[in-house]
Amino acid sequence: MTTRSFTMKRQALALLLAAVMQNSLAAPATTAQDLLAASDAIRNPDRSFGLNNTLIEYRDGKQIDSSTLAIYARADSKTGQFRNLIRFVSPQRDAGKLLLKNGNDLWFFDPSSKASVRISPQQRLLGQAANGDVMTVNLALDYHASLLAEEEVQDGERQKRASYLLNLKAKHGEVTYERIEYWIDRSNSRPIKAKFYSSSDRLLKTAYYRQFKSQLGVERPTETVIIDGLDPKWITVMRTSDLAYRDVPESWLQRDYLPRFNPEQAK
Amino acid sequence: MTAAARRSPKMMPRSPGVTQLGTRLGTGLAMLAALLSPAAAQADDLDALSLADQTPQTEVEQQSWQFFTEGMLGYVNRKEGQSDIHPSRISLDLSVDYRFNAQWRGVLANRFDLNRVDLKDGQGSQHEQINTLKEAYLSWQIQPDWLLDAGRINQRNGMAYAYNPSDFFKAGALRSVVSIAPASLRENRLGSAMLRTQYLWEGGSLSALYAPRVGNGTSNDAQGADTGSFALDFASSNPADRWQLAWSQRWFDGFSPQLILFKEAGSAPRLGLNASWLASDALSLHAEYSGARSRSLAQRARQIDGEERFYSRLSSGATYTFPVNLSLTLEYQYNQAALDKAGWQALGQQGAAYGRYRSLATREQDNPTRHNLFMLASWNNALMRNLDLSLMLRRDLVDHSTLHWLEARYHFKRADLALQWQSQQGSATSQYGAAAERNSLQALIKYYF
C-alpha cells in the first residue's frame, strides 16, 4: 500500500465518518417528524375508514356516563388531514344525531328537527365527541415534532418500554392542543402515552394507548385511557372496534348531505 | 380557564354550602398534590389503568329506529276573568330510518298526542287526540352522489335559530303544538308530499323538488284542513303546487352559502339565502334572508287584492359559547311584509281583522310585526352533571311585549325529566300579551325505549 493510497483511504473513511456523523446529528430533527408520521400510520389506516368508538366516563371510581359514536373518516386531498362524519349511536336520546368535522368547520345535525347548526370549536369541546374525533387526527400534519429525550416509560399495560419522547408544537391555531408530549416505542413506533397541553401550557389530559390488536393488517391500539389534567379522578376509557375501510365520498362531507347520511351506505 | 376546568362541574360557579365547600377544598388540595408530585401523578395513572382493566366490554349496535313516550302535567294561569286550567298530555313518537339495500332506504316519522284540559275546580274537561304523520318516504340512491326521494318529506330550509324566512314549507305544517321551543316546532310538523332529487359534488350540491297540490286546501287559511284525529291532512301540507331549487357551493374553507328559488302556484317566485361564518373559536354568525314580490301580510289576511311589492325578511344572529358550558344566541328578526308600529296599533282596535291577521301569521309561522328579537341561553351540565338549563326570550320590538321560557332538564340514562315555565307580558293586543295564558308551568317526563 502506497502512502498516497493510504491517505486516500483515510480521507474516504473520514468523509464516510463525517457523513455518518452528520446524518446522526441531523437525525433527531428529521426522524422525530418521521417517527410521528409512522405512529400516525399505526393509529389511522392509510385511506377512508370507519370505526365504532365507545367512551366510558368515571368520576372518583364511579361510572357516570357512557356513549358510543360511529366515526367515518376521509383524508383531505390537499392537507392529508382526516375529516370526520360522526354519528351518535348511544345514549338513546342522542341516537342518529350527526357531527361533521372539517377542521374548524363544524356542523351539528339533529334528524328529528332536520336542523343543521354550525357550532364553534368551543361548543364541540363541551361534548364527548371532542375525545372521540381527536383520535383520528394525523398529528404529523398539524404539529412540528422534535426529540426531547430517549427514556424508559411505563406503558398502558404497566410494562417498561424504551421510548422516544417527542415534543409536538402546533403548526397553526386550528388545533385543540397547543403542545403535546408524545412517547413512541423505540422498537416499533407504536404510540405509548401522550400529554396534551393548552396554550398556557397547562396539562389538559394524559392518554395511554393500549390493548394493541391486529386491525387492517397492523397492530393498532384499541383502547385509550384518558386522565383529566386537573382532576385525575376523572377518567375516560375509550374503546375502538369494527375498524374497516369505508368508502366515504368527498361529496358527503358537506352540510347538505347530513340529512341523508345513513352509515350503512358507507360500505 | 382550561378545557378540563371548563368540563368540570366542580369548577363551576355556584353557592356552596359548608359541606360542599369542604368537599371542594379537599378536592382542590388533592388536585394540587397531584400536580405537584410526579409520584402522586404516577399513582393516579396506575389507578386509572386499573379502572380501565375492570371496565367490561359492551357492544352497542346502531339502531334504525327511535321510539319515545312523553307525559306532561301542567298548570296554566290565565288572564283576569278566565279560570285557570290544568292541561295534560301523553305522546308517542316513532321514527324509523331503514335501509333495505345499498340503494333503497325507507323513512317513517309519526307522532300521536293525547291532549286533555281540565278546568279549575272540576268544572269539566276537554280532550283530543291528534296523530301527525310527519314523514313517510322512499329514497333511491341512484349513484353515491345522486339521490331521488318520493313521499311525505319534512323539507326544512334555513340556518337561523327561531325565525326561518327561507323555510318555505313551514306554512300550515303545524298540526299539534306541544312546545313553543324552536326545535319542537320544527320537529312536530307535517312534511309535504313531494318528489325530490339531489345531486352532490365536492363542496356543493343542487336539489330540486316538486310538491303537488293535494286536496282542497289553500295557502291563505286553514279552512281546508282535515282536523280528523288520524287524518293525513294533505290539504294543510300540500295546499298548492310548489317547486324549489336549492344550490350550495363552498366558496372557501368554512363558507358555503345556499341559494334557494321557490315558486308556489299563483305567487311570484321567492328567493332565499343562507350563510354562516365562524368568527372565532367561540363565536359563530348566521344570516337567513328571503325576498319576493307579494301582498303584505295584512292584505292577505283581509283577502283583498292590494298592490304587490317586493318584501324582504331577515333573520340574523350570533352564538357565543362561554368557557362554562354556556352558549348564548342572539337573533334579530325583520319582516317587511308585517305591520309597523302604527299599523299594528290600528289593527289592535279591529277585533275580527286582528284575529284573522294573527291566525294567518301563526299558521305561516311568520312574525306579525316588523322587528323582533330572540335570545337563547343554554347551559349544559349546569350546577350539576346531567342538568341542562335553557332560558329563551322573545321580544317584540314594535309593541314591547315579551315571552319568557325557562326549562330545567335532567337526563337519566333512558329518560329525561323536565320542568318548563312560560310567561307572557304585554298589552291586550300585543303579540305576546294577547294570549289568554299568562303564566304556565309544565312537568314532563320523556322515556326512550
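**A tour from A:Tyr143 to helix 8 of chain B**

Select A:Tyr143, which, leaving aside residues up to four places away in sequence, is in contact (heavy atoms within 4.5 Å) with A:Gln33, A:Leu36, A:Leu168, A:Lys169, A:Ala170, A:Lys171, A:Val175, A:Tyr177, A:Glu178 and A:Ile180. This is a predicted model, in which local features need pLDDT of at least 70 and side-chain atom pairs count only at pLDDT 80 or more, while totals for chains, interfaces and linings use all residues. Residues are numbered from 1 along each chain as its sequence is written, chains are lettered from A and ligands numbered from 1 in the order in which they are written, and side-chain values use heavy atoms, leaving out hydrogens and water.

Next, add A:Leu139, A:Leu166 and A:Tyr182, which with A:Tyr143 are among the residues that touch the most other members of the largest nonpolar core, a set of 37 residues. Such a core consists of buried Ala, Val, Leu, Ile, Met, Phe, Trp, Tyr and Cys residues joined through side-chain atoms within 4.5 Å, where buried means under 20% relative accessible area with a 1.4 Å probe, protein chains only. Strand 8 of chain A (residues 160-170) gives the most to this core, with four residues; strands here are DSSP E runs of at least two residues and helices H or I runs of at least four, numbered from the N terminus.

Finally, move to helix 8 of chain B, whose buried residues include B:Tyr354, B:Tyr357 and B:Leu360, and whose cover includes helix 6 (297-302) and helix 7 (341-347) of chain B. Just after helix 8 of chain B, select B:Gln365, which takes a positive phi of about 50 degrees.

Technical notes
Buried < 20%, exposed > 50% of the residue type's maximum accessible area, 1.4 Å probe, protein only.
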